[in-house]
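Me: I am new to this structure and would like to understand the reasons behind the words used for it. Could we go through them one at a time?

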Amino acid sequence: MVRNLRSEPRICSDAFTQRLVVITGATSGIGLAAAKKYASRGASLLLINRNEQKSELLCETLKNEFDANCSYILADFSRLSDIHSAAEKLSKMERNIDVLIHNAGIYNTTRILTGDHLESVFQTNYLSTFILNYYLREKFRNQANGRILFVNSEAYRFAAFGLNLDDLSWKKNRYSGIKSYGSAKLAQLLSMLKLKEFFQENGVTINAMHPGNVQTNSGQNNGIIYKYFKRLILDRNAQSSDFAAEALYYLGVSDEVASSSGKFYNLTTEEEPAPPALDMAAAEKLWEISLELGGFHE
């Protein structure tokens, strides 16, 4: 893992003309860089963001710079109703989704609950991806092709002993920003095990990517101490988000990974996940809990 942190992403030079790419959280950081990368190669973009003004400006920029088709759906992932609304719109589209990139995320140094009474990092970073994927399962399977990508993180390793499945909102355990963030990323990896199983032999793939230490706006909602630490320590050696965008393009387009599914990549280098990310029993339990928290009834 440490060695891979110094690696650069493989490059895919193939065009992606008129193929539809859906990206969450695309108005800044990795999502913005990925949107520009895909637009530059001819893709059509459907962006899911919470800010209408920024979304309009981004679509206008992509159209002007790359002659790209661009549209957006407004959704605040701190609201379950918004997540369901966006997911339903995606599921009802007649057009195929060629690549779905789950990028939206937050980092909190203190425990914050959403209006749905869920811990905000868990809801925004994980449960939103679960709900979107759950709505789109049949659409992707009927397409018989498509790629789903998580912008994940090596930080999942901070949930070293697995998820506290009986305390996903941190009511009992002491809250830690890095542990909360790591737990949400671990939850993504566990859901990937189930979805890989669902799409088995179907031409649909689902993978996760660690983007490296890149410059993003994540954590700007936290206090001055964290922002000072991020500026002086975390961002000091951070790379451009273009590195992550190159990796997301390679994983979404390259024929070299067309049949890869259920994998964890450090940029474009495949890694063996730590044992908690391979725990199928935990994945099964998390799936049932997520159905309940997401408002689904099977």
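Reply: Gladly, and please keep in mind that this is a predicted model. A place to begin is strand 1 (residues 20-24), which runs parallel to strand 2 (residues 44-49) and is joined to it by five bridges.

Me: What makes strand 1 and strand 2 a pair?

Reply: Two strands pair if there are at least two bridges between them, and strand 1 and strand 2 have five, so they count as paired. In one of these bridges, Leu-20 has Ser-44 of strand 2 as its partner.

Me: Why are strand 3 and strand 8 called edge strands?

Reply: The open sheet has eight strands in the order 3-2-1-4-5-6-7-8, with mixed pairing, and strand 3 (70-74) and strand 8 (269-271) each pair on one side only.

Me: Why is the pair of Tyr-135 and Phe-296 called edge-to-face?

Reply: Their ring centres lie 5.6 Å apart, and the angle between the planes is 65 degrees; pairing requires centres within 6.5 Å and edge-to-face requires an angle over 60 degrees, so both conditions are met. Because Tyr-135 lies in helix 4 (residues 120-143) and Phe-296 in the segment after helix 8 (280-293), the pair ties together parts that are 161 residues apart in sequence.

Me: How do you know whether Phe-296 is buried or exposed?

Reply: The relative accessible area of Phe-296 is 13%, and buried means under 20%, so Phe-296 counts as buried. Tyr-135, with 26%, is partly exposed.

Me: What makes Arg-137 sit over the ring of Phe-198?

Reply: The charged end of Arg-137 is 4.7 Å from the ring centre of Phe-198, which is within the 6 Å limit.

Definitions and conventions
Residues are numbered from 1 along each chain as its sequence is written. This is a predicted model: local features need pLDDT of at least 70, side-chain atom pairs count only at pLDDT 80 or more; totals for chains, interfaces and linings use all residues. Side-chain values use heavy atoms; hydrogens and water are left out. Rings of Phe, Tyr and Trp (its six-membered ring) pair if their centres lie within 6.5 Å; planes under 30 degrees apart count as stacked, over 60 as edge-to-face and the rest as tilted. Helices (H or I, at least four residues) and strands (E, at least two) are DSSP runs, numbered from the N terminus. Buried means under 20% relative accessible area, exposed over 50%, partly exposed in between (1.4 Å probe, protein chains only). A charge sits over a ring if NZ of Lys or CZ of Arg is within 6 Å of the ring centre and within 35 degrees of the ring normal.
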